[in-house]
Amino acid sequence: MRSITLGKTGITVPQNAFGALPIQRVSVDEAVSLLRNAYDGGMRFFDTARAYSDSEEKVGKAFEGMRSKVFISSKTQATTREKFEQDLDTTLRNLKTDYIDIYQLHCAARCYNSDDEIYNALVEAKRQGKVRHIGITAHKIGVAEEIAESGLYETLQFPFSYLASERDIKLVERCREKDIGFIAMKGLSGGLLTDSKACMAFMSSYNVLPIWGIQKQKELDEWLSFFTNEVTMTDEIRAVIEKDRNELLGDFCRGCGYCMPCTVEITINQCARMSQMIRRAPSQNWLTDYWQQEMLKIDSCVDCGICMTRCPYELDIPSLLKKNLKDYKEILAGKPV
Ligand code: SF4
Ligand code: SF4
């Protein structure tokens with residue numbers, strides 16, 4: 001397994017890391033077991049966030065007594081010094097530690113700098129030793145580019161998968177030039193990509209650290225298998241990637257859910273990508289009465305536009321929903337998938 005050094009932080013870990021968002025959906029015992037199995041299998045980097053309900057506590061419980069053997073990053077959505085300090089104290093308590101390897105401003109709306117109290121609070125936390133390195137996460141490419149150019153952060157976390165655009169790839173390259181560690185989130189593009197081997201081979205071609213969102217032992221086993229069966233890019237994998245890119249590129253919903261809640265309770269993060277999901281997973285799962293009712297809610301969209309102000313990918317959500325509903329109705333009427 002190739003190792004990655006996260007820019008100036010000097011943190012060097014196997015290029016195969018654990019995204020701890022999904023463990024908030026399993027019991028404490030299951031989460032602790034998954035995290036320890038991940039460590040035993042070779043993973044050394046674990047990414048959590050204040051916003052992931054009890055994920056930090058589960059990470060803290062799993063690695064109590066072995067803190068120095070793992071690298072832990074977390075995040076805060078705070079925008080004021082006061083909230084930042086509260087969050088940082090809570091995170092340290094949850095993680096049962098007196099330092100965080102990388103503390104990141106979560107889903108930044110812009111590149112915060114020394115004119116902003118939140119940036120200064122982060123720098124101060126590093127000076128105090130509570131935080132070893134400072135990072136930031138973003139979803140909008142323009143914001144991410146500004147962060148990379150600023151050189152103010154030691155790491156940048158950004159969505160990166162084999163559906164990446166040329167611009168995304170240039171961002172990765174720019175981070176490498178500026179010695180900024182690149183943490184790749186959404187390596188499966190919100191569940192749209194299902195070929196883990198192709199995803200891993202793609203990541204191994206770049207200077208990035210993928211954090212795979214893991215909820216089940218079966219998923220973990222798949223990622224851990226790459227420690228023993230290393231994958232690299234081959235013509236066969238290139239063909240898989242090319243096929244998926246042809247099918248999926250364009251304005252597609254990543255399923256992140258940032259646009260929700262919807263004014264009329266449409267489950268946007270599933271319904272806006274139904275056309276892809278229904279073709280990439282057993283379609284019967286998406287044709288149940290439940291999902292038919294959910295999809296029909298699209299007809300009640302009042303075009304309020306609130307969702308669009310929240311979507312980091314600036315998608316025209318009402319149009320995307322309508323396009324998905326039209327396709328879904330045609331499938332229900334017998335169109336082959
Ligand atoms: S525009 Fe439609 S989908 Fe978006 S929040 Fe409003 S009602 Fe919901
Ligand atoms: S529409 Fe945008 S914000 Fe909403 S789930 Fe999809 S990608 Fe995320």
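**Two ligands and two domains**

H14 supplies three residues to the shell around ligand 1, the largest share. Helices and strands here are DSSP runs numbered from the N terminus (helices are H or I of at least four residues, strands are E of at least two). This is a predicted model: local features need pLDDT of at least 70, side-chain atom pairs count only at pLDDT 80 or more, and totals for chains, interfaces and linings use all residues. Residues are numbered from 1 along each chain as its sequence is written, while chains are lettered from A and ligands numbered from 1 in the order in which they are written.

Stay with ligand 1. Helix H13 (306-310) and helix H14 (317-332) each give its shell at least two residues. There are 15 residues around ligand 1 (a residue is near a molecule if its C-beta atom, placed from the backbone, lies within 6 Å of it). Cys-262, Thr-263, Cys-301, Cys-304 and Cys-307 come nearest. By type, the shell has 12 nonpolar residues, two polar and one charged. Ala, Val, Leu, Ile, Met, Phe, Trp, Tyr, Cys and Pro count as nonpolar; Asp, Glu, Lys and Arg count as charged; the others, Gly among them, count as polar.

Now turn to ligand 2. It has 14 residues around it. Cys-253, Cys-256, Cys-259, Asn-269 and Cys-311 come nearest. This shell divides into 10 nonpolar residues, three polar and one charged.

Next, the domains. The protein chain has domain 1 (3-237) and domain 2 (268-332), with bounds from an automatic or database domain assignment. Their centres, taken over C-alpha atoms, are 29 Å apart. Four residues of domain 1 are in contact with four of domain 2 (C-beta atoms, placed from the backbone, within 7 Å). On the domain 1 side, these are one nonpolar, two polar and one charged.

Terms used:
Two residues are in contact if their C-beta atoms, placed from the backbone, lie within 7 Å.
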